[in-house]
Amino acid sequence: MAHLGNSAASRDIAFVLHPYTNFRAHEEKGPLVITEGKGVHVYDEDGKAYIEGLAGLWCTSLGFGEERLVEAAAAEMRKLPFYHTFAHKSHDVGIELAERLIEMAPVPMSKAFFTNSGSEAIDSVVKMVWYYNNALDRPEKKKIISRIKAYHGVTVAAASLTGLPANHRSFDLPIANILHTDCPHYYRFGEDGESEEDFSTRLAASLEKLILDEGPETIAAFIAEPVMGAGGVIVPPKGYFEKVQAVLRKYDVLFIADEVICGFGRTGKMFGTETFGLKPDIMTMAKALSSAYLPIGAVLISDPIYQALADESNKIGTFAHGFTYSGHPVSCAVAIETLKIYEERDILGQVRRVSPALQDGLRALADHPLVGEVRGVGLIAAVELVRDKASKEPFDPGDGVGAFCGGRAQDHGLIVRPLGDSVAFSPPLIITEDEIGEMITRFALALDETEAMVTEKGLR
Ligand SMILES: Cc1ncc(COP(=O)(O)O)c(C=O)c1O
């Protein structure tokens, strides 16, 4: 790359190993160095402003520079900068946060277990599900079913549940006892003449067949994001969860709702569980729990699960799982303040008010020659770019069309997330209609430039 001397970019290349990065490409390309944020904007080291169209990583729900969260952190840092929750120790903020989450849960839940991230929440759930079935003396009932294109994180069990090839390839994953069933993307996988409802029926039947083929006595749980996020923002087709949940009930299979992206208002209700009529036994959450100002995740479990874990811990002496920072007091204080702000500012009302500007605004681009599908709900959406609108034929992944579009958007001061050739939007929940309008204007420019590139290179 160009001679950058002692710049932040050259020091980054010299010293930082980045997540989700082609390291060799990074040596050439270098980083975009972000130095501050305010509201829905972030600023790079040259002072250029960007609308953060993905709220960082689907997480800074209250935008940047929310002073109340800064104050909450500083106050707790002074009062109790650290204490743990192992072996009968506790603290007031951990107790208050757990109580609030159990009260907020859309289905009856019994206990909250804290982690530092979504992935840790998922790995904790996998261990709880195994421990639970050992407690019930069902040592065979250990397999967990996830879905193709699911995203559940990157730790060993979470990455195994993730249904994206890049998270498995060269990492020797998935581990044993993890299965993947169909991806519920009607646009891509619905058959000719098949209604959305029929597609859902077919997928539920396929799930049932998988359970029967494996033996129901071996299937412990099914995990799903209410809206699949990193797999391409896939909104469940009509009737999908109703039909899937009927199958799960029939074979005594636990349902885990991964609310790491959908939780706390993203879909227009507090949880995706409510938006899509789910009845989970376990819920995982992170990201918007603290508006991402500090790392914290949580697992909520139902009472029957708690009772089994409690009996087993009593039988063998302990539930030997937990992180040094499970329920870190400063993270808990920030999460409590975040939840208070959601309530005081009626964040759900705000999402419902502005989300038509995002959903309708993006759908207005549906006639663009590159746009195959616009999908989404609330303040999460994606635009899928295709080579041929009529046949839905995708571009060759090697053409990097989605990445090009994301790069053009960035040049226009908009950060979005290309997921293959689907470009994802998930802005801070505080975004205004005007800011959404500006975001879509900038995206439309990027789309036109992408179309020009496709034509010029003869990619169609
Ligand atoms: C649905 C879902 N689950 C789990 C995770 C993993 O969370 P983390 O990156 O905090 O480990 C993510 C991250 O994007 C996610 O979207």
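How far is an oxygen atom of the ligand from an N or O atom in the side chain of Lys 287? In this predicted model, the separation is 2.9 Å. The ligand is surrounded by Ser 117, Gly 118, Ser 119, Tyr 151, His 152, Gly 153, Glu 225, Asp 258, Val 260, Ile 261 and Lys 287. Two further polar pairs involve Gly 118 and Ser 119. In Gly 118, a backbone N or O atom is placed 2.9 Å from a ligand oxygen atom, whereas Ser 119 offers an N or O atom of its side chain at 2.6 Å from an oxygen atom of the ligand.

The backbone at Lys 287 merits separate description. Lys 287 is situated in the loop between strand E9 (282-285) and E10, and its phi is positive, about 40 degrees, although the residue is not a glycine. Lys 287 is classed as partly exposed because its relative accessible area is 23%, and the buried class is limited to values under 20%.

A positive phi in a residue other than glycine also occurs at Ser 170, where the angle is near 70 degrees. Ser 170 belongs to the loop between H7 and E6. With a relative accessibility of 73%, Ser 170 counts as exposed, since that class begins over 50%. The loop between helix H7 (156-161) and strand E6 (178-181) also contains Pro 174. The peptide bond that joins Leu 173 to Pro 174 is cis, its omega being near 5 degrees.

Empty space within the model was examined next. The second largest pocket encloses a volume of about 1,100 Å³. Its lining comprises 30 residues, and those nearest the pocket centre are Thr 85, Ala 87, Phe 113, Phe 319 and His 321. Contributions of at least two lining residues each come from helix H5 (92-104), strand E4 (111-115), strand E10 (297-301) and helix H12 (303-316). Classified by residue type, the lining of this second largest pocket consists of 16 nonpolar, 12 polar and 2 charged residues.

As for enclosed space, the structure has 1 cavity of 30 Å³ or more. The largest cavity holds about 30 Å³ of space, and its lining is formed by Thr 181, Asp 182, Leu 203, Leu 207, Phe 222, Tyr 240 and Val 244. Helix H9 (196-214) and helix H10 (240-250) are the elements that provide two or more of these lining residues. The lining of the largest cavity divides by class into 5 nonpolar, 1 polar and 1 charged residues.

Two helices were compared with their expected spans. Helix H13 (residues 329-344) contains 16 residues, and the distance from its first C-alpha to its last is 22 Å, close to the 22 Å expected at 1.5 Å a residue. H13 is mostly covered, with 13 of its 16 residues buried. After H13 comes Asp 346, which has a positive phi near 50 degrees.

Helix H16 (residues 433-456) contains 24 residues and extends 35 Å between its first and last C-alpha atoms, close to the 34 Å expected at 1.5 Å a residue. Its buried residues are Ile 436, Met 439, Ile 440, Arg 442, Phe 443, Ala 446, Leu 447, Thr 450, Glu 451, Met 453 and Val 454. An α-helix has 3.6 residues a turn, so residues three or four places apart point the same way. The buried set of H16 includes Ile 436, Met 439 and Ile 440, and also the charged residues Arg 442 and Glu 451. H16 is followed by Gly 458, at which phi is positive and near 65 degrees.

Two pairs of residues distant in sequence were also characterised by their C-alpha separations. Val 70, in helix H4 (residues 67-79), is 264 residues from Val 334 in sequence, while the C-alpha atoms of the two are 7.9 Å apart in space. Val 70 counts as partly exposed because its relative accessibility is 39%. Leu 136 occupies the loop between helix H6 (118-135) and strand E5 (143-147). Between Leu 136 and Ile 305 there are 10.0 Å from C-alpha to C-alpha, with a sequence separation of 169 residues. The relative accessibility of Leu 136 is 38%, so Leu 136 likewise counts as partly exposed.

Note on methods. Residues numbered from 1 in each chain as written. Predicted model: local features only at pLDDT ≥ 70, side-chain atom pairs only at ≥ 80, totals over all residues. Heavy atoms only, no water. Helix = DSSP H or I, 4+ residues; strand = E, 2+ residues; numbered from the N terminus. Expected span 1.5 Å × (residues − 1). Buried < 20%, exposed > 50% of the residue type's maximum accessible area, 1.4 Å probe, protein only. 1 Å grid on protein atoms, 1.4 Å probe; cavity = no way out; pocket = protein on both sides within 12 Å on 5 of 7 lines; lining within 4 Å. Points joined across faces, edges and corners; volume = space filled by probe spheres on them. Near = heavy atom within 4 Å. Polar contact = N/O pair within 3.5 Å; in protein donor to acceptor, adjacent residues only side chain to side chain.
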